[in-house]
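Q: Could you take me through one part of this structure slowly, as you would for someone new to the subject? I would like a close look at how the two chains meet.

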Amino acid sequence: MSITQILFWFLSILTVFGALMVITRKNPVYSVLWLIITFMAISGHYILLNAQFLAIVNVIVYAGAIMVLFLFVIMLMNLDADAEPQKNKWLQLAGVVAGGCLLLILVASLKDAETKSKMAELGTGSIGLIQNLGQALFKTYVLPFEVSSVLFLSAMVGAVVIGKKN
Amino acid sequence: MPINNYIFLGIILFCIGVTGVLTRRNAIIIFMCIELMLNAVNLLLVAFSKMHHQVAALHQGAASTVGTEGQIFVFFIMVVAAAEVSVGLAIIVMMYRNTHSVDVNFLNRLKH
């Protein structure tokens with residue numbers, strides 16, 4: 001087993017374990033912390049796939065900004081483990097069964113897909129460097145880039161309007 | 001690494017997100033599970049763009065720019081997700097201010 005394979009399996013196990021901890025922790029603060037670990041592992045996957053720019057953006061935007069926002073809101077509301085009300089155990093079981101069935105169906109349908117022999121080679125190429133992505137972003141995709149800035153502005157105004165005391 | 005490994009990793013992450021949305025009632029944790037699903041799809045997009053980049057590099061040489069499109073797409077998904085989170089958390093804060101709870105069952109009054 002080469003070093004990239006060991007890294008792939010380590011990061012995959014870390015990602016799945018972190019995601020499982022996110023949905024099983026009672027305290028929302030622990031969920032946020034595990035979600036940060038999951039995002040860090042996904043950033044590691046991006047680096048293995050030579051998407052270095054996306055890895056950095058993922059760490060800064062998701063693990064940095066968005067998760068801090070989540071943590072801030074949770075601490076603002078003073079939620080703790082018993083803030084979540086008692087729920088129906090059968091509904092919970094039904095949710096787990098439904099998720100498991102979705103997993104089963106997706107795995108069964110994609111198990112024999114024709115992508116079986118295709119490879120995503122790890123650790124080669126430089127397509128994900130910021131130079132290449134910036135060229136594509138400001139030449140071909142300059143209009144969506146500007147539109148997304150307008151979207152951000154409207155989201156900001158919307159958040160302020162919603163959060164304002166009426 | 002075979003692309004199937006990434007497909008299965010994406011499927012598992014997505015299904016964990018779906019299970020979390022179905023089982024939890026805390027609105028913030030439901031939100032985090034949506035982020036988890038978005039990230040599963042992002043990971044798959046990057047893996048597929050990497051696979052196509054290699055196939056294209058065989059035909060067009062190493063200077064091929066195939067593969068940037070998938071990563072640009074992931075970038076825009078992150079932009080939209082960030083905007084969504086800011087508005088969604090504002091809505092949750094407003095809901096908490098009105099009901100002093102983040103239980104999504106309180107939202108069934110929307111149907112009246």
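**Where the chains meet**

A: Let's start with one pair of helices in this predicted model. From α1(A), the residues Phe8(A), Trp9(A), Ser12(A), Thr15(A), Val16(A), Ala19(A), Leu20(A) and Ile23(A) come into contact with α1(B), where their partners are Asn5(B), Tyr6(B), Leu9(B), Ile12(B), Leu13(B), Ile16(B), Thr19(B) and Gly20(B). Sorted by class, the residues of this contact are eleven nonpolar, five polar and no charged.

How do the two helices lie against each other? Two packed helices are described by the angle between their axes and the distance between the axes. For α1(A) and α1(B), which spans residues 3-23 of chain B, the angle is about 10° and the axes are 9 Å apart. Angles under 35 degrees count as roughly parallel, so α1(A) is roughly parallel to α1(B).

Now look at another pair, α3(A) and α3(B). Their angle is about 5°, with 11 Å between the axes, and they are therefore roughly parallel to each other. On the chain A side, the contact includes Phe53(A), Tyr62(A), Phe70(A) and Met77(A). On the chain B side, Val74(B), Met78(B), Leu89(B) and Tyr96(B) are among the residues they meet. The contact of α3(A) with α3(B) divides into 19 nonpolar, three polar and no charged residues.

Helix α3(B) also has a partner inside its own chain. It packs with α2(B) at an angle of about 175°, and the axes are 10 Å apart. That makes α2(B) roughly antiparallel to α3(B). Phe31(B), Leu38(B) and Leu45(B) are among the α2(B) residues in this contact, and Val74(B), Met78(B) and Leu89(B) are among those of α3(B). Here the classes are 15 nonpolar, five polar and two charged.

Next, step back to the whole interface. The contact takes 81 residues from chain A and 70 residues from chain B. Together the two chains bury about 6,900 Å², with 77% of it on carbon and sulfur atoms. Between chain A and chain B there are zero salt bridges, while six residue pairs are in polar contact across the interface. On the chain A side, α1, α2, α3, α4, α5 and α6 each supply at least two residues of the side that touches chain B. That side has 50 nonpolar, 21 polar and ten charged residues.

Note on methods
Residues numbered from 1 in each chain as written. Chains lettered and ligands numbered in written order. Predicted model: local features only at pLDDT ≥ 70, side-chain atom pairs only at ≥ 80, totals over all residues. Heavy atoms only, no water. Axes fitted to C-alpha atoms, helices over the stretch in contact; angles between N-to-C directions. Helix = DSSP H or I, 4+ residues; strand = E, 2+ residues; numbered from the N terminus. Parallel < 35°, antiparallel > 145°, perpendicular 65-115°, else oblique. Contact = heavy atoms within 4.5 Å. Nonpolar A, V, L, I, M, F, W, Y, C, P; charged D, E, K, R; others polar. Buried area = accessible area lost by both parts, 1.4 Å probe. Salt bridge = Lys/Arg side-chain N within 4 Å of Asp/Glu carboxyl O. Polar contact = N/O pair within 3.5 Å; in protein donor to acceptor, adjacent residues only side chain to side chain.
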